[in-house]
Amino acid sequence: MSKVSTAVVLVDVQAFALKAGSLVIGDAATIKALVDDGSVDPHKDAIAYARANGAPEKAITSAAPAEADTAS
């Protein structure tokens, strides 16, 4: 099993339906990719602050979810 990481979402990330100010929980590689593009902050103080202020949490998988089928 892959290591699980948590981070604070800094900007909305549409691919995962993440909202700025929330917490994201996912495998370490996915969180690292989001850190590398500047979308999340994994610092323990940022996570603690978000949790203390009731930030919602969302678990994600390593692959972005597929877009909803909009064909009628």
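Two strands are said to pair if DSSP finds at least two bridges between them, and this idea will be useful when the tour reaches Ile 25, whose bridge partner in strand E4 is Ala 59. Keep in mind throughout that what is on the screen is a predicted model.

**The whole chain.** Begin with the entire protein chain selected and coloured by secondary structure, which comes to 2 helices and 4 strands, following the pattern β-β-α-β-α-β when read along the sequence. Of the 72 residues, 31% are buried, while the chain exposes about 4,800 Å², with carbon and sulfur atoms supplying 57% of that area. If you display contacts between residues at least 6 apart in sequence, 61% of them join residues at least 24 apart.

**Confidence.** Now colour the chain by pLDDT, for which the mean is 88, with 83% of the residues reaching 70 or more. Select residues 68-72, where pLDDT stays under 50 and where the model has 0 contacts beyond four places in sequence.

**Strand E2 and its partners.** Next select residues 23-27, which form strand E2; 4 of these 5 residues are buried, so the strand is largely enclosed by the rest of the structure. Add strand E1, which runs antiparallel to E2 and is joined to it by 5 bridges, and then add strand E4, residues 57-59, which pairs with E2 in the parallel sense over 3 bridges. Centre the view on Ile 25 in E2, which stands opposite Thr 6 and has Ala 59 as its bridge partner in E4.

**Ser 5.** Stay with strand E1 and pick Ser 5, which is found in that strand. Is Ser 5 buried or exposed? Its relative accessible area is 17%, and because buried means under 20%, Ser 5 counts as buried. Show its surroundings, leaving aside the neighbours within four places in sequence, and you will find Ser 5 in contact with Val 24, Ile 25, Gly 26, Ala 28 and Ile 31.

**The nonpolar cores.** Finally, show the side chains of Ala 7, Val 9, Val 13, Phe 16, Leu 18, Val 24, Ile 31, Leu 34, Val 40 and Ile 60, the 10 residues of the largest nonpolar core. Strand E1 (4-9) and helix H1 (28-36) each supply at least two residues of this core. In another colour, select Val 8, Leu 23, Ala 50 and Ala 55, which are among the 5 residues of a second, separate core. As you turn the view, recall that in a regular strand the side chains alternate between the two faces of the sheet.

Conventions
Residues are numbered from 1 along each chain as its sequence is written. This is a predicted model: local features need pLDDT of at least 70, side-chain atom pairs count only at pLDDT 80 or more; totals for chains, interfaces and linings use all residues. Side-chain values use heavy atoms; hydrogens and water are left out. A nonpolar core is a set of buried Ala, Val, Leu, Ile, Met, Phe, Trp, Tyr and Cys residues joined through side-chain atoms within 4.5 Å. Buried means under 20% relative accessible area, exposed over 50%, partly exposed in between (1.4 Å probe, protein chains only). Contact means heavy atoms within 4.5 Å. pLDDT is the predictor's confidence in each residue, from 0 to 100. Accessible areas come from the Shrake-Rupley method with a 1.4 Å probe; for residues, only the protein chains shown count as cover.
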